[in-house]
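I opened my notebook for a friendly wander through this one. Below is what I looked up, entry by entry.

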Amino acid sequence: MMNDYVSAFIVGGLICVIAQILIDKTKFTPARILVSFVTLGVILGALNIYDVVIRFGKAGATIPLPGFGYTLAKSTIKEVNEKGLIGAFTGGIKGAAGGITAAIFFGYVAALLFDPKTKK
Amino acid sequence: MTKKVGKQTLKMENKPRIISTFSIVGPKEGKGPLKDYFDVIKNDDLAGKDSYEKAESNILYTAVTESIKKANLKEDDIDFLFAGDLLNQLTSSSFAARDMNIPFLGLYGACSTMTESLSIASMVMDGDFANYIIAATSSHFSSAERQFRFPLEFGSQRPPTARWTVTGSGAMVLGREGNFPYVTYVTIGKVKDYGIIDANNMGAAMAPAAVSTLYNHFKDTGRSPKDYDVIATGDLGKVGKEITAKLLKDYGYDISHNYIDCGEEIFDNETQGTDSGGSGCGCSAVVLCGYLYKNMLSGKFKRILVVSTGALMSTTSSLQGESIPGIAHAVAIEYGTGGS
């Protein structure tokens, strides 16, 4: 149990450290970094490489954005296997529906409840 | 015969007086090194409004109306208002002017707007077209973030090289008479673009424009840098300031001993987390209307040259890969030099 926490902390932290370095040291906009992380997750997921990261990092690997890309890839592959090529269009969003709906819902709630403040 | 001197400079023969100034800043600027020179420091950068755009328009309105009061005038006495800001379609200025009964010209010069509006106001005064004119401008950190970077709601991180847009507004009333600091020369700048694309490196993008304007000002007027107590550029920041001083030296003008940059002066970058200094129309406006003007009245500075600098890109042009053109206009102001 404790081992899971530690490995999730390390893997999740490492993914965020990479993003922080990209923000500080490159001219990539945050939007580009976000999209690159999702795309990277899709590619690594399709190649079964991200599975290894998840086996070790657990939620530390599934919660950050590459984990979202991983879900897209895996559920697309699954849907294609079950329903044929049409699954390439329907599978990804179906599999990631929980994450997408939660992002929209909680984003909406946060927008209703809070006002942005000027940065300090 | 014209009043033009040299290539880009105009000599103000009637010496339009700056009879009053008013400066308002936000809480962060109010904690900076120049805090004692501002007329009003807002504790709430929303100024009691429900959006930052309304807040910016409100502080511009307040700066203009308070500058009129300070000059012991009424709104009716003012012939023209020349103002501009950074937002799309100049809404801060136009919406402030909507609540006033003053003929209005909106100006866009990005962060060079203070000397742009002051230049045009001085020319119209010198052409005897008016008795009183107001030159004003504003910027607001949070509305500029939304306009040029990301809305605050987006919650993005600021890169360490990012400039900090000044929340503030400055207004100056120009008149024909009285013992006040007066404008002697105006040098209108050319747009210069040396191909810089990085929006986080605006100091370097604007430096060539500042150099060109300063060089032509010295050449046209026959003055040299040491004729001024202070030469102040708008918001070049540390990097842009170094480039400007170095390039001008190559042209034979050494400005290093009396050169300041308003963006560098307004914040303490170390303790205030402003990284690369202040920017925005409001930056040179409040430094000029506050620090520089008040030090002229007290006799500390007798002759100053203000060169507000602007980066003339739009968010669309940046996304389309266009480089950032720069502009700079110079205004020479004097007081107590015996010339009036």
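**Entry: loops with positive phi**

I started at B:Gln89, which is exposed, with 11 other C-beta atoms within 10 Å. I am working from a predicted model, so I read every value here as computed. I found B:Gln89 in the loop between β5 (80-84) and α2 (91-98) of chain B. Its phi made me stop: B:Gln89 is near 55°, a positive value in a residue other than glycine. For background, I noted that most residues other than glycine have a negative phi.

Next I looked at B:Lys15, which also is not a glycine and has a positive phi of about 45°. B:Lys15 sits in the loop between β2 and β3 of chain B. Is B:Lys15 exposed, partly exposed or buried? I counted 18 other C-beta atoms within 10 Å of B:Lys15, so it is partly exposed; a buried residue would need 20 or more.

**Entry: a partner across the sequence**

Which residue did I find 161 residues from B:Lys15 along the chain, with 7.7 Å between the C-alpha atoms? That residue is B:Arg176. B:Arg176 belongs to the loop between β9 and β10 (182-187) of chain B. I put B:Arg176 down as partly exposed, because it has 16 C-beta neighbours inside 10 Å. Leaving out residues up to four places away in sequence, I saw B:Arg176 touch B:Asn14, B:Arg17, B:Met125 and B:Asn131.

**Entry: the two domains of chain B**

I then stepped back to the whole of chain B, which is divided into domain 1 (4-175) and domain 2 (183-334). Between the C-alpha centres of these two domains of chain B I read 17 Å. How many residues does each domain of chain B bring to the contact? Domain 1 of chain B brings 57 residues, and domain 2 of chain B brings 57 residues.

On the domain 1 side that touches domain 2 of chain B, I listed the elements that supply at least two residues each, including β3 (17-25), α3 (113-126), β7 (133-139) and β9 (168-175) of chain B. On that side, α3(B) gives the most, with eight residues. By class, I tallied the side of domain 1 of chain B that touches domain 2 of chain B as 26 nonpolar, 22 polar and nine charged residues.

**Entry: between the chains**

For chain A against chain B, I found seven residues of chain A in contact with 10 residues of chain B. The chain A side of that contact divides into four nonpolar, one polar and two charged residues.

**Entry: a helix pair in chain A**

I finished in chain A, with helix α1 (residues 2-25) and helix α3 (residues 50-57). Their axes lie 8 Å apart, and the packing angle is about 135°. I therefore call α1(A) and α3(A) oblique to each other. A:Ser7, A:Ala8, A:Val11 and A:Gly12 of α1(A) meet A:Val53, A:Phe56 and A:Gly57 of α3(A). I sorted the residues of this contact into four nonpolar, three polar and no charged.

Which residues of α3(A) are buried? I noted A:Tyr50, A:Val53 and A:Gly57. Seen down the axis of α3(A), these buried residues fall within an arc of 55°, so they line one face of the helix. They pack against α1, α2 (30-46), α4 (59-62) and α5 (65-83) of chain A. On the other side of α3(A), I found A:Val52 and A:Arg55 exposed. Just after α3(A), A:Lys58 takes a positive phi of about 50°.

Note on methods:
Residues numbered from 1 in each chain as written. Chains lettered and ligands numbered in written order. Predicted model: local features only at pLDDT ≥ 70, side-chain atom pairs only at ≥ 80, totals over all residues. Domains from an automatic or database assignment. Contact = placed C-beta atoms within 7 Å. Helix = DSSP H or I, 4+ residues; strand = E, 2+ residues; numbered from the N terminus. Nonpolar A, V, L, I, M, F, W, Y, C, P; charged D, E, K, R; others polar. Axes fitted to C-alpha atoms, helices over the stretch in contact; angles between N-to-C directions. Parallel < 35°, antiparallel > 145°, perpendicular 65-115°, else oblique. Buried ≥ 20, exposed ≤ 12 C-beta atoms within 10 Å, placed from the backbone. Arc of directions from axis to C-beta.
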